[in-house]
Amino acid sequence: MEQNKNISTLKLISSHDEVGNVRTFIFETGGLTWVAGQSLGYTLPQAGEAEAEKQRWFTIASAPSERAIHISTRVSESRFKQALNAMKPGEEIKAYDLGGDFTWKEESDEPVVMVAAGIGVTPFRSILLERHKAEKPLNATLLYFNRTEEVPFQTELQKLSNKHPEFTLRIVIGEHVTADKIIELAPQARKQIFYLSGPKPMVESIGLKLRERGITVKQDRFPGYDEKNY
Ligand SMILES: Cc1cc2nc3c(=O)[nH]c(=O)nc-3n(C[C@H](O)[C@H](O)[C@H](O)COP(=O)(O)OP(=O)(O)OC[C@H]3O[C@@H](n4cnc5c(N)ncnc54)[C@H](O)[C@@H]3O)c2cc1C
């Protein structure tokens with residue numbers, strides 16, 4: 001199957017802890033170019049024989065202007081995450097299937113609502129930093145739900161909100177994420193495009209409820225996460 005996938009080999013430059021069990025792995029781009037918000041598939045043969053063990057998808061958490069590919073993830077006990085975490089600088093990972101439409105149209109300055117649940121924040125980090133670098137307005141409200149006070153990229157996002165009065169950052173700790181809560185915090189969501197990123201079951205159930213209310217929703221679904229570990 002893999003021979004049909006446009007495969008790139010990416011070399012690890014470095015890795016570092018963010019907060020809690022979130023760690024960022026920084027790779028050379030291998031010549032890849034991407035649009036902020038897109039994702040890649042990865043294979044690590046040392047994680048096992050089965051696809052379920054050796055393959056995962058990750059949003060590119062870095063902005064294209066950072067000229068490196070970042071994976072930011074919660075390091076779980078899974079064989080893939082343990083193998084990723086054991087990588088040393090200079091070692092390589094195979095990446096494929098670059099794509100995805102969880103992107104903010106380049107030409108559009110229309111305000112949007114972004115909802116991140118925990119590590120679901122990765123595409124928003126990429127999108128917001130890229131627009132900031134390009135000196136475009138950040139016409140967005142980011143509702144950022146996290147289980148604990150350890151909020152990935154909090155300082156970076158707060159700096160962006162300080163520099164951009166048009167950007168509203170709302171961090172919500174330890175609350176159950178529901179469509180009602182989202183509408184309460186961002187009543188304008190009814191009229192704006194709405195980006196939802198986080199655990200797959202959460203994104204799918206909330207996305208459905210919001211669509212039933214006539215809201216236009218874009219979704220980034222992360223399998224392997226739920227209410228307890230996002
Ligand atoms: C388009 C897309 C973009 C994505 N972007 C991101 C991203 O930016 N960041 C990100 O983190 N994820 C992202 N994901 C999800 C990612 O692909 C993984 O599914 C997710 O990170 C969970 O990986 P895991 O190896 O921990 O999962 P799983 O293996 O499914 O593990 C799920 C849970 O089971 C536990 N577990 C698994 N194996 C073991 C074991 N052997 N022993 C004990 N416990 C175990 C883990 O601790 C974990 O809590 C994305 C997915 C898609 C499709």
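A residue counts here as near a molecule or strand if its C-beta atom, placed from the backbone, lies within 6 Å of it. By that yardstick, 22 residues surround the ligand, and the closest are Thr73, Ser76, Glu77, Ser78 and Gly224. Bear in mind that this is a predicted model, where local features need pLDDT of at least 70, side-chain atom pairs count only at pLDDT 80 or more, and totals for chains, interfaces and linings use all residues. Residue numbers start from 1 along each chain as its sequence is written.

Strand E4 (55-59), strand E5 (69-74) and helix H2 (79-85) are the elements that give two or more residues each to the ligand shell. Helices (H or I, at least four residues) and strands (E, at least two) are DSSP runs, numbered from the N terminus. E4 gives the most, with 4 residues. Sorted by class, the shell has 7 nonpolar, 10 polar and 5 charged residues; Ala, Val, Leu, Ile, Met, Phe, Trp, Tyr, Cys and Pro go down as nonpolar, Asp, Glu, Lys and Arg as charged, and the others, Gly among them, as polar.

The chain is assigned a domain 1 (2-99) and a domain 2 (112-222), with bounds from an automatic or database domain assignment. Each of the two gives at least three residues to the ligand shell. Their centres, taken over C-alpha atoms, sit 23 Å apart. Where the domains meet, 16 residues of domain 1 are in contact with 15 residues of domain 2, contact being C-beta atoms, placed from the backbone, within 7 Å. On the domain 1 side, E5 gives the most, with 3 residues, and that side has 7 nonpolar, 7 polar and 2 charged residues.

Ile60 lies in the loop between E4 and E5. It counts as buried because it has 29 C-beta neighbours inside 10 Å; the cut-offs are 20 or more other C-beta atoms within 10 Å for buried, 12 or fewer for exposed, and partly exposed in between, with C-beta atoms placed from the backbone. Leaving aside neighbours within four places in sequence, Ile60 is in contact with Trp34, Gln38, Ser39, Leu40, Ile69, His70 and Ser126. Ile60 and His70 are 10 residues apart in sequence, yet 5.6 Å apart in space, C-alpha to C-alpha.

As for the whole chain, there are 6 helices and 11 strands, and 36% of the 230 residues count as buried. The C-alpha trace spans about 45 × 35 × 35 Å along its principal axes.

Terms used. Contact = placed C-beta atoms within 7 Å.
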